[in-house]
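Okay, thanks everyone for squeezing in. I'll put the sequence and the structure up, and then walk you through what I got out of it.

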Amino acid sequence: MILAARGLALIAYLALIGLILVWTTWIDPPEILPISVALVILVLPLLFPLRGMLHGRRYTHAWSSLLALAYITLGITLAAAADARLYGVLMTAASLAWFAGCLLYVKLDARRARQMTS
């Protein structure tokens with residue numbers, strides 16, 4: 001179960017990065033600002049937890065779940081806009097899955113660590 005939670009968090013996290021990259025560069029590039037600026041704003045914060053997510057570090061999963069909340073909020077905001085509804089729904093779904101996977105992994109890994117010490 002702990003591997004499933006870690007897998008859900010990692011797959012959703014990577015899916016969110018992929019979604020932002022594909023949508024911003026290929027499907028619907030921004031008209032107001034350059035693509036590179038949009039990618040820096042949207043993808044750069046996601047790169048901070050990359051190493052910890054790949055290595056399955058509990059602390060990284062804990063604080064990156066807070067980062068997922070920002071992308072959930074962004075996704076809901078985009079879903080409310082008529083021109084970016086699909087993008088917003090996909091971003092919200094990926095962010096919610098990332099958030100849920102992180103929280104489940106932190107809970108299960110902490111429980112496993114407690115059982116190992118006692």
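So let me start with a question: which residues in helix 4 are buried? Keep that in mind while I set the scene.

What you see is a predicted model. The chain has 118 residues, and buried ones make up 37% of them. By secondary structure we have 5 helices and 0 strands, so to speak α-α-α-α-α if you read along from the N terminus. Along the principal axes, the C-alpha atoms fill a box of roughly 60 × 25 × 20 Å. And if you take the contacts with a separation of 6 or more, 66% of them join residues 24 or more positions apart.

Right, back to helix 4. The buried ones are T60, H61, S64, S65, L67, A68, Y71, I72, G75 and A79. They pack against helix 1, helix 2, helix 3, which is 50–55, and helix 5, which is 85–117. Helix 4 itself covers residues 58–80, and for its 23 residues at 1.5 Å each you'd expect a span of 33 Å; the end C-alpha atoms sit 33 Å apart, so that agrees. There's also a kink in helix 4, about 25°, centred on S65.

Let me pick out two residues there. T60, in helix 4, has a relative accessible area of 9%, so T60 is buried. Skipping neighbours within four places in sequence, T60 is in contact with P49, G52 and M53. Then H61, also placed in helix 4, is at 0% relative accessibility, so H61 counts as buried. And what does H61 touch, beyond residues up to four places away in sequence? The list is R6, A9, G52, M53, G56, C102, Y105 and V106.

Now helix 1. With 26 residues at 1.5 Å each, helix 1 should span 38 Å; the end C-alpha atoms are 35 Å apart, and that agrees. Its buried residues are A5, A9, L10, A12, Y13, L16, I17, L19, I20, W23 and T24. Among the things covering them are helix 2, helix 3, helix 4 and helix 5.

How do helix 1 and helix 2 cross? The axes of helix 1, residues 2–27, and helix 2, residues 35–47, come within 10 Å and cross at roughly 175°. Anything over 145 counts as roughly antiparallel, so helix 1 is roughly antiparallel to helix 2. On the helix 1 side, the contact is made by Y13, L16, I17, I20, L21, T24 and T25, and on the helix 2 side by I35, A38, L39, L42, V43, L46 and L47. By class that contact has 12 nonpolar residues, 2 polar and no charged ones.

Last one, W98, over in helix 5. Is W98 buried or exposed? Buried, because its relative accessibility is 0%. With neighbours within four places in sequence left aside, W98 is in contact with A9, A12, Y13, L16, L46, P49, M53, S64, L67, A68 and Y71. And here's one for the sequence people: W98 and L8 are 90 residues apart in sequence, yet C-alpha to C-alpha they're 6.8 Å apart in space.

That's what I have, so let's go to discussion.

Technical notes: Residues are numbered from 1 along each chain as its sequence is written. This is a predicted model: local features need pLDDT of at least 70, side-chain atom pairs count only at pLDDT 80 or more; totals for chains, interfaces and linings use all residues. Side-chain values use heavy atoms; hydrogens and water are left out. Axes are lines fitted to C-alpha atoms, for helices over the stretch in contact, and angles run from 0 to 180 degrees between N-to-C directions. Helices (H or I, at least four residues) and strands (E, at least two) are DSSP runs, numbered from the N terminus. Angles under 35 degrees count as roughly parallel, over 145 as roughly antiparallel, 65 to 115 as roughly perpendicular and the rest as oblique. Contact means heavy atoms within 4.5 Å. Ala, Val, Leu, Ile, Met, Phe, Trp, Tyr, Cys and Pro count as nonpolar, Asp, Glu, Lys and Arg as charged, and the others, Gly among them, as polar. The expected span of a helix is 1.5 Å times one less than its number of residues. The bend at a residue is the angle between axes fitted to the seven residues ending there and the seven starting there. Buried means under 20% relative accessible area, exposed over 50%, partly exposed in between (1.4 Å probe, protein chains only).
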